[in-house]
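Reader: I should like to go through this structure term by term. Please set each value against its criterion before drawing a conclusion.

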Amino acid sequence: MDEEFHGRHQDTIGQNSGVYPRPVNRERIKEVYGMADIKVDVRGETCPVPLVETRKALRKASPGDTVEIVGTHPASKKEIPMALRALGLNLVDIREEGDVWKIRVDV
Amino acid sequence: MTDKATIVVHSGDMDKLYSALIISTGALSMGMEASLYFTFWGLERLIKGKLEAGSLSKVHLMGLGKWMVRRRMKAANVASLERLLQDFKELGGKIIACEMTMQIMGIRQEDLRQDLIDEYGAVGTYIQEARESSITLFI
């Protein structure tokens, strides 16, 4: 797994995981309970479809929505986060299982 | 300067049209604006029913090469040119048709896919688009 993404993933999980009371973390709750407001399934799609479908979904999303993108195209796993950064959006999580990756982003 | 990509689509070759559409939809997907200026053989692809009619820029082999490439593209699940064009429009891309090409080639507005075209223009329109673009390409 990519180190950068792995680090990000660990940060989210490990955050405030002690006995201290912690503030309600919306992203964390959504992540744990697997809630996404919009799901984009681009498994089996190739360039540029994963990127384009992500953008289409983000345009339709309302502020506060979480969008989840599931795909298999290897380059998109790093290019979708690049696009999210360019759009000023908050990447929540990236996971990978075998050939399938899953990206979650807050709008 | 706007975060914008402006591409002159001069070639009507299938593979080059793919390049133009993939780059421009990619730019839109990454938050840029994008304009496509269709001229010469590129504009022919906007004639109704001609979108997929372009040959391959290399090893066309009287259509055999194109057939083989299309078969491989289908196996790789590559999006059709029509789908890419629809995505381009849905993401706010702008299409400009070259008026001079229309005159030279005897193409009338009603021959073209008017549903896709935002503007009919000449070199001044391209320059206005390009001068405010951080990316401009001639394909």
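Author: The buried residues of H1(B) are a suitable start: Met14(B), Leu17(B), Tyr18(B), Ala20(B), Leu21(B), Ser24(B), Thr25(B), Gly26(B), Ala27(B), Leu28(B) and Ser29(B). The model is a predicted one.

Reader: What makes a residue of H1(B) such as Met14(B) count as buried?

Author: The criterion is a relative accessible area under 20%. Met14(B) is listed among the buried residues of H1(B), so its value falls under that cut-off.

Reader: What covers the buried residues of H1(B)?

Author: From chain B, the cover includes strand E1 (2–9), strand E2 (33–38), helix H3 (64–75) and helix H4 (81–90). From chain A, it includes H3 and H4.

Reader: How do you know that the length of helix H1 of chain B agrees with the expected span?

Author: The helix runs over residues 14–29, which is 16 residues, and at 1.5 Å a residue these should span 22 Å. The end C-alpha atoms are 22 Å apart, so the two values agree. Just after H1(B), Gly31(B) takes a positive phi of about 90°.

Reader: How does the reach of H3(B) stand against the value expected at 1.5 Å a residue?

Author: H3(B) has 12 residues, for which 16 Å is expected, and it reaches 17 Å from its first C-alpha to its last, which is close. Asn77(B), just after H3(B), has a positive phi of about 60°.

Reader: Why are the buried residues of H3(B) said to line one face of the helix?

Author: The buried residues in question are Gly65(B), Lys66(B) and Met73(B). Seen down the axis of H3(B), the buried residues fall within an arc of 95°, and therefore they line one face. What covers them includes H1 of chain B.

Reader: Which exposed residues does the face of H3(B) turned away from its buried side carry?

Author: That face carries Arg71(B), Arg72(B), Lys74(B) and Ala75(B). They are called exposed because the term requires a relative accessible area over 50%.

Reader: How is chain B built as a whole?

Author: Chain B has 6 helices and 5 strands, and from the N terminus on its elements run β-α-β-α-α-α-β-α-β-α-β. Of its 139 residues, 46% are buried. Among contacts in chain B with a separation of 6 or more, 77% are between residues 24 or more positions apart.

Reader: How many residues does the contact take from each chain, and what area is buried?

Author: Chain B gives 17 residues and chain A gives 18 residues. The area buried between them is about 1,400 Å², and carbon and sulfur atoms give 60% of it. On the side of chain B, Ser29(B), Met30(B) and Leu91(B) lose the most area to chain A, together 38% of what that side buries.

Reader: What makes E1 and E3 the edge strands of the sheet in chain A?

Author: The sheet is open, with 4 strands in the order E1-E2-E4-E3 and mixed pairing. Strand E1 (38–42) and strand E3 (90–97) each pair on one side only. Direction ignored, neighbouring strands are turned by 15° against each other on average.

Reader: Why do strands E2 and E4 of chain A count as paired?

Author: Pairing requires at least two bridges, and 6 bridges join E2 (residues 66–71) to E4 (residues 100–106), so the condition is met. The two strands run antiparallel, and Glu68(A) stands opposite Arg104(A) in E4(A).

Technical notes:
Residues numbered from 1 in each chain as written. Chains lettered and ligands numbered in written order. Predicted model: local features only at pLDDT ≥ 70, side-chain atom pairs only at ≥ 80, totals over all residues. Heavy atoms only, no water. Axes fitted to C-alpha atoms, helices over the stretch in contact; angles between N-to-C directions. Expected span 1.5 Å × (residues − 1). Buried < 20%, exposed > 50% of the residue type's maximum accessible area, 1.4 Å probe, protein only. Contact = heavy atoms within 4.5 Å. Arc of directions from axis to C-beta. Buried area = accessible area lost by both parts, 1.4 Å probe.
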